[in-house]
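Student: Could you take me through the ligand site in this one, slowly and with the cut-offs spelled out?

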Amino acid sequence: MAKQEMETGHRRLRFAIIGAGMAGLLAGIRLDQKGDADFTIYEKGDTVGGTWRENRYPGLTCDVPAHAYTYSFAPNPEWTQFFSPGPEIQHYFERIADDYRLRDRIRFNSEVTDCRYVDGHWHIETSDGCKDIVDVVIAATGVLHHPNIPAIPGLQNFGGDSFHSARWDDSVALDDRRIGVIGNGSTGVQIVSALSTRASTLVHFQRSPQWIMPVQNFIYSETDRHAFRSDVSRIDAIRFGDEYWAGIRRFNKAIIEVDSPEMAEIEGIVLRNLEDNVQDPVLREKLRPDYRAACKRLIYSPDYYEAVQRPGVIVETGAIEQVEATGVRMKDGTLHELDVLVLATGFKTDRFVRPIKVIGRGGSNLDDAWALRPTAYYAITVPDFPNLFLLNGPTAPVGNFSLIDIAERQWDYIDQLLDLLRDGTCSAIAAKPEAMADYEERRIAAAKRTIFGSGCTSWYLDAQGVPQTWPWSYDHFAQSMAAPRMEDFELA
Ligand code: NA7
């Protein structure tokens, strides 16, 4: 028996983790804690953090309370606000990588290009010429990181500075300049709120209006942080407390029971926010959506309505004709002259795992398996792709709650499957095709009934117009992750 097997009592497995964002770091920490020392985290970027590394735009803030958007095992008394700013979150993940001694396990600037399942092992290739052969692949590749560049004619002709929100150019001056922002998802709303006091003029190009949930983002003072440092139960009271979880359950019920009192409450709040806080009736009508609240991902903002009512801020709802050297031309002939044009136009949200070429058992290609829509059995495994496990993959819960909590629960599930590899019960495990088909049939039927399927466009919808989300209750998700249904798996 090898030395590690004697120490841990289980087979030595080699792992490749793809991505050193929130989920990839989690996988590394958990494997290490379990005694699975033989893993490499492959990261295409030059540091950890994933989405928080890539997004650096002004106003970037997580819309999940800071103390809930942390690993359960690594509370952070240092958050300075109820909703943390992006740079603090990036700093947190950098610190985690140091505290858990992960940096030596991460191969940076190494983009995985190929994963091929050959004779019971995954053969990995990276852009920097690395080849690896592993037993298990953990795909922690994230959801929102392939920028969607809109097909607006003339974009390349713009004479000023232009970039996507996730490719922010820090060298570009913003103060007292004429700035345009296309897109009003969470990103566009946060950017406009942040720049409304800095730009000389700010044009927010809005294709569809958004419902806005009013929130307060209060500061944690040094006294608060000292209290968190000296007594972690104060942090636990926030992240594990009844108030936070009751809020999650209420919101979750609203999403899945669209005619519930919980949804009526949300509708009432966002409608009052619009009616009470936008004074100009013309602007108010421009900002009024014609679809139900939370159909698109609900935007939480303390100050968007205030921002768009500042002098020099224009909400432009006309159709864009083209981009010209000096600005954006509308179909009615209006030209908005601009120095800076920000594309807050979202992401290609069907790219899960891709563009990595993934070839599974018998030559199955993940691109083919996902030709209709990306999906996975309980969001974790795909038939014919044994020992490949997804974190925050397709059909996992999304909504205004912590993806860290989701990934931790998914890891607990994956870990139970890994135990079967570790103890020699099997050397390969994947969901049965019939279990996958049954899951998808039930999931799609339920997803269409959620608020996300109630008649709007959004990044939650797949190419067939079906929400690519977990459509049941959060508690059902937690129960499902607590214990895999072993009869749904093929063991080899
Ligand atoms: P989103 O939420 O996908 O928003 C993208 C925005 O860009 C949305 O307002 C779109 O309008 C708009 N858009 C996209 N293409 C165009 C074109 N061609 N012309 C005009 N407007 C366009 O992305 P975000 O980055 O804001 O947020 C993504 C998630 O990141 C967010 O939900 C959080 O989870 C974090 P549309 O509504 O389609 O009319």
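Tutor: Sure, and a definition comes first: a residue is near a molecule if one of its heavy atoms lies within 4 Å of it. By that rule 18 residues surround the ligand, and the closest are Asn-184, Thr-187, Ser-208, Lys-296 and Arg-297. Bear in mind that this is a predicted model, where local features need pLDDT of at least 70, side-chain atom pairs count only at pLDDT 80 or more, and totals for chains, interfaces and linings use all residues. Residues are numbered from 1 along each chain as its sequence is written, and side-chain values use heavy atoms, with hydrogens and water left out.

What sort of residues make up the shell around the ligand? It divides into six nonpolar, nine polar and three charged. In that split, Ala, Val, Leu, Ile, Met, Phe, Trp, Tyr, Cys and Pro count as nonpolar, Asp, Glu, Lys and Arg as charged, and the others, Gly among them, as polar.

Now for some polar contacts, meaning pairs of N or O atoms within 3.5 Å. Ser-208 has a side-chain N or O atom 2.4 Å from an oxygen atom of the ligand. For Lys-296, the distance from a side-chain N or O atom to a ligand oxygen is 2.7 Å, and for a polar side-chain atom of Asn-184 it is 2.8 Å.

How much of the ligand does the protein bury? Taken alone, the ligand exposes 780 Å², and the protein buries 81% of that. Those accessible areas come from the Shrake-Rupley method with a 1.4 Å probe.

Note on methods:
A polar contact is a pair of N or O atoms within 3.5 Å; within protein, one must be able to donate a hydrogen and the other to accept it, and residues adjacent in sequence count only if both atoms are side-chain atoms.
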